[in-house]
Amino acid sequence: MTTPALHPRQALFDPGEPSAPALPVCDHYAGVEERMRKSLQLQARLGPVFDVTLDNEDGAPVGAEVEHARLIATLLESADNRFGRVGVRVLPLGHPRFAEVLRTVLRAGKPPAYLMLPKPGGVEDVERAIHAIDAAGGHGIPLHALVETHGALREVMAIAAVPRIESLSFGLMDFVSAHRGAVPLSAMGVPGQFEHPLVVRAKLEIAAACHAHGKVPSHCVVTEFKHAAALQAAATRAAREFGYTRMWSIHPSQVETIVEAFSPTTAEVDLAVEILLAAQSAQWAPIRHRDVLHDRASYRYFWHLLERAHRTSTADGPQLPAAVRETFFADAPHA
């Protein structure tokens with residue numbers, strides 16, 4: 001009797017092993033009404049290969065935060081929120097309108113996919129925010145947090161360990177500003193943000209904490225949004241050298257470049273498919289492929305790569321072969 005082939009999720013991972021959420025590789029921020037609407041329309045065209053975060057912190061006019069939250073609630077409920085992959089960046093916990101904005105957003109007929117918490121000073125602020133969100137009716141909504149203060153970086157491992165946290169983002173510009181001029185302005189741009197030791201240290205600690213606890217590290221912005229080469233270089237380094245699996249976009253023109261940079265190459269995908277199919281046929285025992293030994297450790301690597309290829313398949317771009325989708329991803333449109 002032939003033993004049924006086990007799926008990689010069944011064969012390669014131990015029960016209870018932390019597994020990062022399958023978030024899109026790009027997180028696009030928009031705060032002005034026109035740009036928020038255009039971002040939702042772009043997502044409807046490309047598919048859920050990127051998230052849209054509606055920004056109630058930097059996007060709201062000073063003094064009109066609650067009115068801006070009402071607009072965000074309307075957009076959450078709109079038909080343009082086609083995939084349910086729209087989150088909201090709320091105000092900092094200490095802001096006098098934090099609670100009112102939170103209640104306004106959570107009254108929307110469709111809940112946000114996640115809430116982004118800006119400027120926590122450490123794990124205690126994250127826990128206080130969770131209590132406030134649950135009290136306002138947001139129990140169970142996943143949370144993302146920005147690591148942009150000295151306290152948050154100091155406690156980044158503890159923040160990543162909080163079960164409700166799904167992703168941590170690096171707040172580059174606030175982090176540089178928090179050094180009171182001791183870190184130069186060049187560290188906010190490319191290539192400086194990949195060279196200054198304090199900024200590099202912060203990026204690596206955030207990525208390491210996320211991977212240790214099965215969370216998604218999200219790379220910071222590239223403010224030179226009209227310089228395509230700078231964005232391409234930054235996104236490639238973030239993905240290939242710094243261990244990030246997600247990145248912020250602040251202009252619609254950045255979205256597709258980020259998705260492309262975080263996508264595996266065709267050669268990588270072809271190799272992953274060959275090895276995973278051969279391993280599955282061998283019931284996940286060690287195999288030799290092109291005179292290289294592979295076992296469960298490398299199978300896990302190739303499985304994560306194939307998952308990322310599936311998540312970055314856009315309506316306008318490359319798709320995995322139909323047979324591969326049927327074999328490995330028949331249970332969900334995006335893993």
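**Exercise 1. How many bridges join β1 and β8, and in which sense do the two strands pair?**

Step 1. Get the terms straight: strands are DSSP runs (E, at least two residues), helices are H or I runs of at least four residues, and both are numbered from the N terminus. Two strands pair if DSSP finds at least two bridges between them.

Step 2. Look at β1 and β8: they pair in the parallel sense over 3 bridges. One contact to find is C26, whose bridge partner in β8 is M247.

Before you go on, note that this is a predicted model, where local features need pLDDT of at least 70 and side-chain atom pairs count only at pLDDT 80 or more, while totals for chains, interfaces and linings use all residues. Residues are numbered from 1 along each chain as its sequence is written, and side-chain values use heavy atoms, with hydrogens and water left out.

**Exercise 2. Which closed arrangement do strands β1 to β8 make?**

Step 1. Follow the order β1-β2-β3-β4-β5-β6-β7-β8: you're going round a closed barrel of 8 strands with parallel pairing. On average, neighbouring strands of this sheet are turned by 30 degrees against each other, direction ignored.

Step 2. Check some of the pairs. Strand β7 (residues 216-219) runs parallel to β8, joined by 2 bridges, and S218 stands opposite R246 in β8. Likewise, β3 (residues 86-89) pairs in the parallel sense with β4 (residues 115-117) over 2 bridges; here R89 has M116 as its bridge partner in β4.

Step 3. Add a helix. Helix α5 (residues 123-135) lies across β4, β5 (143-147) and β6 (165-170), at about 145 degrees to β4. Such angles run from 0 to 180 degrees between N-to-C directions, with axes fitted to C-alpha atoms, for helices over the stretch in contact.

**Exercise 3. Which way do the residues of β8 point, and are they buried or exposed?**

Step 1. Recall the rule: in a regular strand the side chains alternate between the two faces of the sheet.

Step 2. Sort the residues: R246 and W248 point one way from β8, M247 and S249 the other way, and all are buried. Buried means under 20% relative accessible area, exposed over 50% and partly exposed in between (1.4 Å probe, protein chains only).

Step 3. Try the cut-off on P48, in the loop between α2 and β2. P48 has 18% relative accessibility, so it counts as buried.

**Exercise 4. What covers the buried residues of α11?**

Step 1. List the buried residues of helix α11 (residues 252-261): Q254, V255, T257, I258, V259 and A261.

Step 2. Find their cover, which includes β1 (26-30), α2 (33-46), β2 (50-55), α10 (228-240) and β8 (246-249). Contact means heavy atoms within 4.5 Å.

**Exercise 5. Why is the pair of W284 and Y299 edge-to-face?**

Step 1. Use the cut-offs: rings of Phe, Tyr and Trp (its six-membered ring) pair if their centres lie within 6.5 Å; planes under 30 degrees apart are stacked, over 60 edge-to-face and the rest tilted.

Step 2. The structure holds 7 aromatic pairs. In the pair of W284 and Y299, the centres are 5.7 Å apart and the planes at 65 degrees, so you call it edge-to-face.

Step 3. Place the partners: W284 is in the loop between α12 (266-281) and β9 (287-289), and Y299 is in helix α13 (residues 296-311). Both W284 and Y299 are buried.
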